[in-house]
Amino acid sequence: MNTSEMLRLIDTISRERNVEKEALFTDIEQAMVSAARKHFNALDTDEFSAEVDRLNGAIRIWRGDEEISLDELGRIPAQTAKQVMIQRFREDERQSIYNEFIDRVGELTTGTAQRYEGGALIVQVGRAEAFMPRSEQIPGEQHQPGERVRCMILDVRETGSQVKIVITRANPDFIRRLFEVEVPEVAERIIEIKGMAREPGHRTKIAVSSIDSKVDAVGACVGVRGSRIKNIVDELGGEKIDIVRWNESSQILIQNALKPAEVVEISLCFELGRATVVVNEDQLSLAIGKRGQNVRLAARLTNWDVDILTPDEFTKSLEIMETTIKEVEDITEEQIDRLAALGVISVFDVEEIGPEYLVETLECSPEQAEKIAEIASVRAQQVAEEQQREKEEAEQRRKEEAAAAAASPEGEQQAAAILGDGPLPEPTEDSAPSGEAEDAESEDSDEATEDDGATHDEAIAAAAATESEEDQTTDAAANGESQEALEQIIDGEDAADEDAVADEEEAEQTTPPTSG
């Protein structure tokens, strides 16, 4: 056996796979013991022992106190030793990978995209393969093989005979790590990230504060001309990031979180954990955001259930609550105002908080509280039905308006321009579609198109015939004028000839004869 070659291979494996050399020597000794047991068909594991010299690589095997020569072992024991060594080496490598990455959980890393397997992205990170589940990918993002991928190590776990390394780009902590890299003040804990709410691929809201009064938290995160935040947005593929100034006051924090919408009033109900935000009509869509995204992220950032109302809706809700509660005897306006000041602004809130809270807040009797809760529940059901009915009516009006807009004749102006007359009759449902819808119509629409085309052709032919008649009339008139002019010219020429003949005769009579 070439012991120097064996020592060189052990050293190479130790360096490439980050495995201790002592562990490899121990694996070889265990493989030799397994080979000896196989050769002698022994069951006692303590009967055999082996030793590998760490300096020269010499291998010695004993059975009890008797040393066994390696030449006595045949091909089958050698194959057993090989399999045991490979298995033990893989186990050592797997343990090494686990120990390396378990300490890196939560760190940013960069890998190379390899392939997709069942929707999960396989990324080569160092000497290990990590996988990014579909749930941890940014929606709509695709990576090509060989592309560099920046991600965060989310979890490391042992599953059977392998180590699974889970990486992420959709986790909110991924953005936190990016801020720590791009903004030194965040890494040095001068600026603290107080809260974060994210919808991967769309928008992120992050609340920051500074422990140093000389450092502006928002300005430091944005950078000069947006240089710092631009790097983060580019890394996220254009995902929008809203940086919100943190405030211990929930009202101010909610107001900051809903920007750029302007807030008129905020009412907090600590019992329900609900914030009622009043905004003007022109700010309503801006506060809610696209598909409710802005208010949804603001609610998650502030840990408040946020309701957006217009001033009219807010006033109407208070009036309904006041009218309902006044039906109970001995309930004053002062008690109602106290309830509204605590954030209870609708009959739905009164129904939800229950009688116990009413007894404590309004300082009324349990019977009165029960009565208030009962009538509020009935009134809340009525209001819900009214709101549902109004919603259905609004939806119906919207559908009718959409149907009316769809039924409007799009080709009316074109037909009028062609005919030079009034508009054509309104097209029916069988008329030909226009734009993108034309490609999606069936054969019926094609037939309708031919019919309409024929109608248009007839109209055009009629217009052409009319124009032709006018041209003929004009030509006839022109020809008549030309004929009259020609006759005048001829008559003038005849008269001139007659005058000339008369002058010649007169001249002959007055001229004396010449002498011979």
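## The three-stranded sheet

S9 and S10 (residues 203-210) run antiparallel to each other and share eight bridges. Within that pairing, Ile191 finds its bridge partner in Ser210 of S10. This is a predicted model, so keep that in mind for everything that follows.

Step back and the two strands belong to an open, three-stranded sheet with mixed pairing, ordered S9-S10-S11. S9 (191-199) and S11 (240-245) are the edge strands; each has a single partner, so one side of each goes without a neighbour in the sheet. On average, neighbouring strands here are turned by 20° against each other, direction ignored.

## Helices on that sheet

Two helices are worth a look here. H8 (residues 250-257) packs on the sheet and touches S10 and S11, its direction making about 155° with that of S11. H10 (residues 293-302) lies across S9, S10 and S11, at about 135° to S9.

## The barrel

Now for the closed barrel: five strands, in the order S4-S5-S6-S8-S7, again with mixed pairing. Its neighbouring strands are turned by 50° against each other on average, ignoring direction. S7 (residues 148-159) and S8 (residues 162-168) pair in the antiparallel sense through seven bridges, and Thr159 has Gln162 of S8 as its bridge partner.

Helices pack here too. H4 (residues 172-182) sits on the sheet, touching S4 (108-117), S7 and S8, with its direction at about 130° to that of S7. H3 (residues 75-102) lies across S5 (120-125), S6 (128-132), S7 and S8, running at about 120° to S7. For a side-chain detail, check Lys164: its charged end sits over the ring of Phe131, 5.5 Å from the centre.

## The S1-S2 hairpin and Phe40

S1 (residues 48-52) and S2 (residues 59-63) are antiparallel and joined by five bridges. They make a hairpin with six residues in between, and Gly57 in the turn has a positive phi of about 80°. S1 shows a neat alternation: Phe48, Ala50 and Val52 face one way and are buried, whereas Ser49 and Glu51 face the other way and are not. That fits the general pattern, in which side chains of a regular strand alternate between the two faces of the sheet.

Phe48 stands opposite Arg63 in S2, and Phe40 ties in with both residues. The structure has two aromatic pairs. In one of them, the ring centres of Phe40 and Phe48 are 5.7 Å apart and the planes are at 20°, so the pair counts as stacked. Phe48 is buried at 5% relative accessible area, while Phe40 is partly exposed at 27%. Arg63, for its part, lies over the face of Phe40, at 4.7 Å from the ring centre.

## The core and the other aromatic pair

The largest nonpolar core has 24 residues, and the members touching the most others are Ile254, Leu258, Val277, Val279, Val306 and Ile308. At least two residues come from each of H8, S12, S13 (274-278), H9, H10 and S14 (305-309). H10 is the top contributor, with five. To see how Ile308 is wired in, leave aside its neighbours within four places in sequence: its contacts are then Leu258, Val277, Val279, Leu284, Ala287, Ile288, Val295 and Glu313.

Phe270 and Trp304 make an edge-to-face aromatic pair, 5.3 Å centre to centre with 75° between the planes. They are 34 residues apart in the chain, Phe270 in the loop between S12 and S13 and Trp304 in the loop between H10 and S14. Trp304 is buried, at 10% relative accessible area, but Phe270 is exposed at 63%.

## Backbone oddities

Lys259 and Pro260 are joined by a cis peptide bond, with omega about 15°. Pro260 falls in the loop between H8 and S12 (265-269).

Two arginines also deserve a glance. Arg225 has a positive phi of about 55° despite not being a glycine; it sits in the loop between H6 (217-222) and H7 (227-235) and is exposed at 86% relative accessible area. Arg291 likewise has a positive phi, near 55°. The loop that holds Arg291 connects H9 (284-288) and H10, and at 77% relative accessibility Arg291 is exposed.

Technical notes:
Residues are numbered from 1 along each chain as its sequence is written. This is a predicted model: local features need pLDDT of at least 70, side-chain atom pairs count only at pLDDT 80 or more; totals for chains, interfaces and linings use all residues. Side-chain values use heavy atoms; hydrogens and water are left out. Two strands pair if DSSP finds at least two bridges between them. Helices (H or I, at least four residues) and strands (E, at least two) are DSSP runs, numbered from the N terminus. Axes are lines fitted to C-alpha atoms, for helices over the stretch in contact, and angles run from 0 to 180 degrees between N-to-C directions. Contact means heavy atoms within 4.5 Å. Buried means under 20% relative accessible area, exposed over 50%, partly exposed in between (1.4 Å probe, protein chains only). A nonpolar core is a set of buried Ala, Val, Leu, Ile, Met, Phe, Trp, Tyr and Cys residues joined through side-chain atoms within 4.5 Å. Rings of Phe, Tyr and Trp (its six-membered ring) pair if their centres lie within 6.5 Å; planes under 30 degrees apart count as stacked, over 60 as edge-to-face and the rest as tilted. A charge sits over a ring if NZ of Lys or CZ of Arg is within 6 Å of the ring centre and within 35 degrees of the ring normal.
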